[in-house]
Amino acid sequence: MMSLYLLPVMEVLTAVWRNMSFLLQCMKMLSSWCWMEVSGTRKVSSPKIIAPQDPGRVKPISVNYHFTRQCNYKCGFCFHTAKTSFVLPIEEAKKGLAMLKDAGMEKINFSGGEPFLQERGNFVGELVKFCKKELKLPSVSIVSNGSLITEKWFKSYGEYLDILAVSCDSFHEEVNKLIGRGQGRKNHVEKLMKIRQWCCDYNVAFKINSVINSYNVHEDMRDEITMISPIRWKVRKPSI
Ligand code: SF4
């Protein structure tokens, strides 16, 4: 009698194991070096796979692929400090992405580090193109600090990108420099404005991400944000 009761339990555990094994295989494919967030029935904030409520329905619907940890900025609150310069070869990355698509992925976001650092943006551009053109994903997005984005990139890859989110913690250049978002004489806010215009020109939805920290906590950014009019303004406190 005991074994009869145990049978359904064993079936559920087997199904869970099959799903988990497959997702782990995909993640291994994409990297043991990169961070990756996979969300199914709800969002998670670490490279974990959600324990399924219904094991038969586990899907990596929304994937956040941090393919590099390198960045040209040095934000004090950043948790993606470059501990390794390893980036998975692009064909391997594409294989992993295709496996995730087969497992149910609908949304991909490329992040870092700074995604435009690798091969002057061509690496992320080719992944964006692959995900839109070959995998036909409904949502393809990038999160970037914006500093290395050019109009040439939009000309080559803009048609494959749905959403671009750019970080902006302050509309005062001196504050951006204090935060660590700065590169010599380049002006972060001026670049943000250019990217906003390119997003309009190449039909890419534009978002702004802001991290609230001790340098900008008293800054009222509502007027500038209203003027720029992103489709979404994501405001958060540092993770650490
Ligand atoms: S721009 Fe982003 S990845 Fe780069 S240092 Fe700042 S928070 Fe980290």
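## Notebook: His188, helix H6 and their surroundings

I began with His188, which at 3% relative accessibility counts as buried (buried is under 20% relative accessible area, exposed over 50%, partly exposed in between, with a 1.4 Å probe and protein chains only). The model I am reading is predicted, so I note that local features need pLDDT of at least 70, that side-chain atom pairs count only at pLDDT 80 or more, and that totals for chains, interfaces and linings use all residues. Residues are numbered from 1 along each chain as its sequence is written, and side-chain values use heavy atoms, with hydrogens and water left out.

**Entry 1, His188 and helix H6.** I placed His188 in helix H6 (helices are DSSP runs of H or I of at least four residues, strands are runs of E of at least two, both numbered from the N terminus). Setting aside neighbours within four places in sequence, I listed Tyr73, Asn145, Ser167, Cys168, Glu173, Asn176 and Arg181 as the contacts of His188, a contact being heavy atoms within 4.5 Å.

I then checked the length of H6: its 14 residues, 188–201, should span 20 Å at 1.5 Å a residue, and the end C-alpha atoms are indeed 20 Å apart; the expected span is 1.5 Å times one less than the number of residues. Besides His188, the buried residues of H6 include Val189, Leu192, Ile195 and Trp198, and also Lys191 and Arg196. What do the buried residues of H6 pack against? I found helix H4 (151–157), strand E5 (163–167), helix H5 (173–179), strand E6 (205–211) and helix H7 (222–228).

At the N-terminal end of H6 I found a cap from Asn187, with a side-chain oxygen 2.9 Å from the backbone nitrogen of Val189. After H6 comes Asn203, with a positive phi near 60 degrees.

**Entry 2, the ligand shell.** I looked up the residues around the ligand, taken as those with a heavy atom within 4 Å of it, and recorded Cys71, Tyr73, Cys75, Cys78, Gly113, Asn145 and Arg181. Tyr73, Asn145 and Arg181 also stand among the contacts of His188.

**Entry 3, nonpolar cores.** The largest nonpolar core holds 43 residues, and Leu97, Ile108, Phe110 and Leu164 have the most contacts inside it; such a core is a set of buried Ala, Val, Leu, Ile, Met, Phe, Trp, Tyr and Cys residues joined through side-chain atoms within 4.5 Å. Helix H3 (residues 122–134) gives the largest share of this core, six residues. Another core, of six residues, lies apart from it and includes Tyr73, Val175, Ile179 and Val211.

**Entry 4, helix H2 and Asn109.** Helix H2 (residues 90–102) has 13 residues and reaches 18 Å from first to last C-alpha, close to the 18 Å expected. Leu97 is one of the buried residues of H2, as are Ala93 and Lys94. H2 is followed by Gly104, whose phi is positive, near 120 degrees.

Is Asn109, in strand E3 (residues 107–111), buried or exposed? I noted it as buried, with a relative accessible area of 13%. Its C-alpha atom is separated by 6.3 Å from that of Val63, although the two residues are 46 apart along the chain.

**Entry 5, the chain overall.** I counted seven helices and seven strands, and of the 240 residues 47% count as buried. Among contacts between residues at least 6 apart in sequence, 71% join residues at least 24 apart.

Note on methods
Polar contact = N/O pair within 3.5 Å; in protein donor to acceptor, adjacent residues only side chain to side chain.
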